[in-house]
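Please look over the chains shown here before reading the report on how they pack.

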Amino acid sequence: MGVEALAESLGQNVLTTTLGKLIGWGRGNSVWPLQFGLACCAIEMIHTATAGVDIARFGSEAMRASPRQADMMIVSGRVSQKMAPILRTIYDQMPEPKWVISMGACASTGGVFNNYALLQGVDKIVPVDVYIPGCPPRPEDLLNALMILQERIKAQGITPRQ
Amino acid sequence: MADATAEGMTDTGTIGQGVTVSRSGEQGAFGGELLTINFGPHHPSTHGVLRLIVDLDGEQVRRLKPVIGYLHTGIEKQAEALRWQQVVVVTDRHDYLSPPFNNLSYALAVEKLLGVDVPPRADALRVIMCELTRISSHLVWLGTSGIELGASTMLMYCFRERDTILDMNEEISGFRMHTSFIRPGGVLADATPRFLDMLDRFCNAMPANIDEYEALLTMNPIFRSRTIGIGRLPAEDAKVLGATGPMLRGSGVAWDLRKAMPYSGYENYDFEIATSDLSDCYGRYLVRIKEMRESVKILRQALDRLPDGPVNIDDRKVLPPPREELETSMEAVIHHFKLFTEGYTVPVGDAYAAVESGRGENGCYVVSDGTHKPRRVKFRSASFVNLQPLERMALNHMVADMVAIIGSADTVLGDVDR
């Protein structure tokens with residue numbers, strides 16, 4: 001049986017794709033967030049997980065408390081100087097590939113608090129993929145960030161970080 | 001005592017995320033040695049970033065020491081660098097589950113120094129915002145405590161109503177959580193007809209919703225066995241340790257600042273102080289449920305008797321002129337410009353004002369040196385003081401009960417660390 005005949009006999013039942021696209025599709029639609037709830041934004045993060053907004057529609061309702069089981073860290077809230085080393089430790093404990101969403105003004109830039117106590121942006125200690133503005137951002141903003149991240153993950157294929 | 005434990009440490013290991021164990025060498029009552037366990041700060045059951053160092057004998061808590069500061073934001077110091085009207089924005093963010101209470105205690109303290117009284121409609125709107133927030137704050141507590149005790153459905157129910165309240169916040173102030181609605185001299189804006197309509201519907205619907213929560217928890221055998229008799233705090237201890245709010249009322253002490261030292265016209269509302277003599281986690285649960293019902297009563301009264309009139313004091317030195325006046329009046333433009341470039345000054349002196357938030361006495365102490373910025377702003381946060389009884393409550397309980405006890409204290413770490 002030739003290739004054309006084979007393709008014809010399988011008809012519409014088989015999809016062909018590349019391994020990279022398949023893995024990207026799988027990873028992108030099952031991003032498990034690490035719930036790094038710090039401050040006000042954590043409450044909006046909980047809102048995102050509840051029935052009204054329902055992050056489960058995007059395959060990310062499995063909020064993990066352990067970094068070993070998570071793909072994506074949502075830094076939701078202000079990061080103090082005392083918390084920074086802990087945040088970095090937890091990030092290091094996450095298995096590759098991993099992504100970070102910096103949720104809210106404080107996590108992204110220090111927000112309204114430009115002082116001795118706060119880290120002026122979590123990107124000083126971990127690489128951030130998506131920043132969300134707002135103080136705190138709406139749950140819809142977090143969903144939007146997740147969708148942006150999903151597109152990026154799907155485009156990245158097998159090896160997200162070169 | 002904890003230092004002695006640290007010195008006697010012989011062996012340390014990690015047994016899971018956020019939990020480190022070290023052997024103390026100290027003998028426990030059951031023949032084994034005490035284990036020192038590090039609980040947090042990144043742990044799903046600590047309501048934020050609380051860290052506890054717990055000495056365990058078998059599975060019983062022998063000592064418990066909270067370690068705080070993981071969310072220290074420097075809000076009080078930051079306030080010294082801001083002008084009086086700008087400070088309102090940072091007060092929102094210390095106890096992030098009850099922004100209007102933080103605004104109100106600050107506004108009342110500044111108004112004391114300024115010597116002004118706000119119009120009756122402003123007072124009523126302040127009461128409405130505070131009571132709405134008391135409900136939304138208790139809803140977060142109920143939902144998250146439910147999850148910790150295995151009743152994960154609670155979160156879905158509670159956050160459904162919380163979303164309604166946040167939508168109302170958005171309608172009246174343009175912001176879901178940090179409304180900055182209450183400010184020295186009045187409130188941000190008058191209530192829109194749509195807000196009053198939403199409030200009316202909310203007041204009608206909420207009692208049935210609270211019945212729904214109670215149907216899920218009050219007689220639930222798992223919930224009752226996890227909370228009744230757990231974390232007992234006798235009234236005397238609660239008073240000595242400075243507990244306020246549901247922590248104190250859950251021990252049978254009828255102390256509520258809304259009754260004891262009325263502010264914003266609370267003396268005109270008919271409501272009861274919720275108390276419970278059970279003194280345990282279940283008692284505190286009953287108190288908070290009752291408080292939500294009482295808040296709905298207050299909201300209904302405030303809505304029905306909402307007075308007419310302005311919502312701000314008529315003082316151009318403290319509050320900006322209405323937008324329309326800027327088109328026609330030079331004086332208004334000058335006031336507007338002065339207010340937003342250098343702010344207003346507050347007479348020299350100091351003042352303390354306290355309000356009853358969802359967590360207890362939320363106080364604010366301000367010192368003015370007569371300039372455009374505060375000399376000192378100090379928050380007396382209820383969560384910080386309510387951490388004190390934690391060891392007393394958790395003593396000789398199991399580790400799993402400790403989670404219920406932390407939950408029943410309802411601390412907000414932003415409020416603890418500021």
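The report below takes up the contact between the chains, one helix pair and the nonpolar core.

This is a predicted model, in which local features need pLDDT of at least 70 and side-chain atom pairs count only at pLDDT 80 or more, while totals for chains, interfaces and linings use all residues. Residues are numbered from 1 along each chain as its sequence is written, and chains are lettered from A in the order in which they are written.

The contact between the chains takes 30 residues from chain A and 29 residues from chain B, where two residues are in contact if their C-beta atoms, placed from the backbone, lie within 7 Å. On the side of chain B that touches chain A, α6(B) gives the most, with five residues.

Within chain A, the following helices (DSSP runs of H or I, at least four residues, numbered from the N terminus) pack against each other.

| Helix | Residues | Contact residues |
|---|---|---|
| α2(A) | 19-28 | Gly24(A), Trp25(A), Arg27(A), Gly28(A) |
| α6(A) | 139-156 | Gln150(A), Ile153(A), Lys154(A), Ala155(A), Gln156(A) |

The axes of α2(A) and α6(A), as lines fitted to C-alpha atoms over the stretch in contact with angles running from 0 to 180 degrees between N-to-C directions, come within 7 Å and cross at roughly 155°. That crossing makes α2(A) roughly antiparallel to α6(A), a term for angles over 145 degrees.

The largest nonpolar core, a set of buried Ala, Val, Leu, Ile, Met, Phe, Trp, Tyr and Cys residues joined through C-beta atoms within 7 Å, has 153 residues, of which Val75(A) and Ile405(B) touch the most other members; buried means that 20 or more other C-beta atoms lie within 10 Å of a residue's own. Helix α5 (residues 120-148) of chain B supplies the largest share of this core, 13 residues.

Conventions
Helices (H or I, at least four residues) and strands (E, at least two) are DSSP runs, numbered from the N terminus. Angles under 35 degrees count as roughly parallel, over 145 as roughly antiparallel, 65 to 115 as roughly perpendicular and the rest as oblique. A residue is buried if 20 or more other C-beta atoms lie within 10 Å of its own, exposed if 12 or fewer, and partly exposed in between; C-beta atoms are placed from the backbone.
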